[in-house]
Amino acid sequence: MKHILFDLKDCPFKLLDDARFVRNSLFHASLLSESEIIKIDFHKFHPQGVTAFAMLADSHISIHTWPEKGIAKCDIFSCNSNNDPMLAIEYLKERFQTIHVKRWTCDRSL
């Protein structure tokens with residue numbers, strides 16, 4: 001079981017504030033990591049910001065954005081060793097147009 005926390009920094013305001021973009025990014029990141037999607041939901045804050053999550057069969061992915069700071073704070077929890085969360089992180093890095101990713105990994109195996 002892995003829990004990966006990561007920040008995407010210096011992302012464009014427009015992408016971070018677009019709820020559909022964030023939702024679609026979660027959808028494709030989940031597929032790339034070979035995770036089965038149960039549900040994806042999101043909330044658009046006013047004046048800006050989005051929180052979104054993908055509930056997966058054996059984990060979750062979440063994104064919380066602060067467009068005014070150019071930051072998305074994300075996490076992936078996976079309890080299936082066959083999933084590849086790093087593919088999802090690389091995809092999100094490209095999708096949010098950043099080269100700045102800060103990552104922490106926690107092994108949460110029993």
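Start by selecting Pro47, which sits in the loop between strand E2 (37-44) and strand E3 (50-56). Keep in mind, here and at every later stop, that this is a predicted model. With Pro47 still highlighted, add His46 to the selection and look at the link between the two residues: His46 and Pro47 are joined by a cis peptide bond, with omega at about 20°.

Next, move to another loop and select Asp10, which is found between strand E1 (2-9) and helix H1 (13-16). The backbone here deserves a look, since phi of Asp10 is near 60°, a positive value in a residue that is not glycine. If you turn on the surface, you will find that Asp10 counts as exposed, with a relative accessibility of 53%.

From there, go to Glu34, in the loop that runs between H2 and E2. Glu34 is a residue other than glycine, and its phi is positive, near 65°. Is Glu34 buried or exposed? At 58% relative accessibility, Glu34 counts as exposed.

Now display helix H2 (residues 19-32) together with helix H3 (residues 85-95), and turn the view until both axes can be followed. Two packed helices are described by the angle between their axes and by the distance between those axes. Here H2 and H3 pack at an angle of about 150°, and their axes are 8 Å apart. An angle over 145 degrees counts as roughly antiparallel, and H2 and H3 are therefore roughly antiparallel to each other. Their crossing is right-handed. To see which residues make the contact, select Phe21, Asn24, Ser25, His28, Ala29 and Leu32 on H2, and then Leu87, Ala88, Tyr91, Leu92 and Arg95 on H3. Coloured by class, this contact of H2 with H3 shows seven nonpolar residues, three polar ones and one charged one.

For the last stop, select the cysteines Cys11 and Cys74 and show their side chains. How many disulfides are there? With a disulfide taken as a pair of cysteine sulfur atoms within 2.5 Å, the count comes to zero. Cys11 is in no disulfide, and the cysteine sulfur nearest to its own, that of Cys74, is 8.0 Å away. Seen from the other side, Cys74 is likewise in no disulfide, its nearest cysteine sulfur being that of Cys11, at 8.0 Å. With the surface switched on again, Cys11 proves to be buried, having a relative accessible area of 6%, and Cys74 is buried too, with a relative accessible area of 5%.

Definitions and conventions
Residues numbered from 1 in each chain as written. Predicted model: local features only at pLDDT ≥ 70, side-chain atom pairs only at ≥ 80, totals over all residues. Heavy atoms only, no water. Buried < 20%, exposed > 50% of the residue type's maximum accessible area, 1.4 Å probe, protein only. Axes fitted to C-alpha atoms, helices over the stretch in contact; angles between N-to-C directions. Helix = DSSP H or I, 4+ residues; strand = E, 2+ residues; numbered from the N terminus. Parallel < 35°, antiparallel > 145°, perpendicular 65-115°, else oblique. Left-handed = near helix turned anticlockwise from the far one by under 90°. Contact = heavy atoms within 4.5 Å. Nonpolar A, V, L, I, M, F, W, Y, C, P; charged D, E, K, R; others polar.
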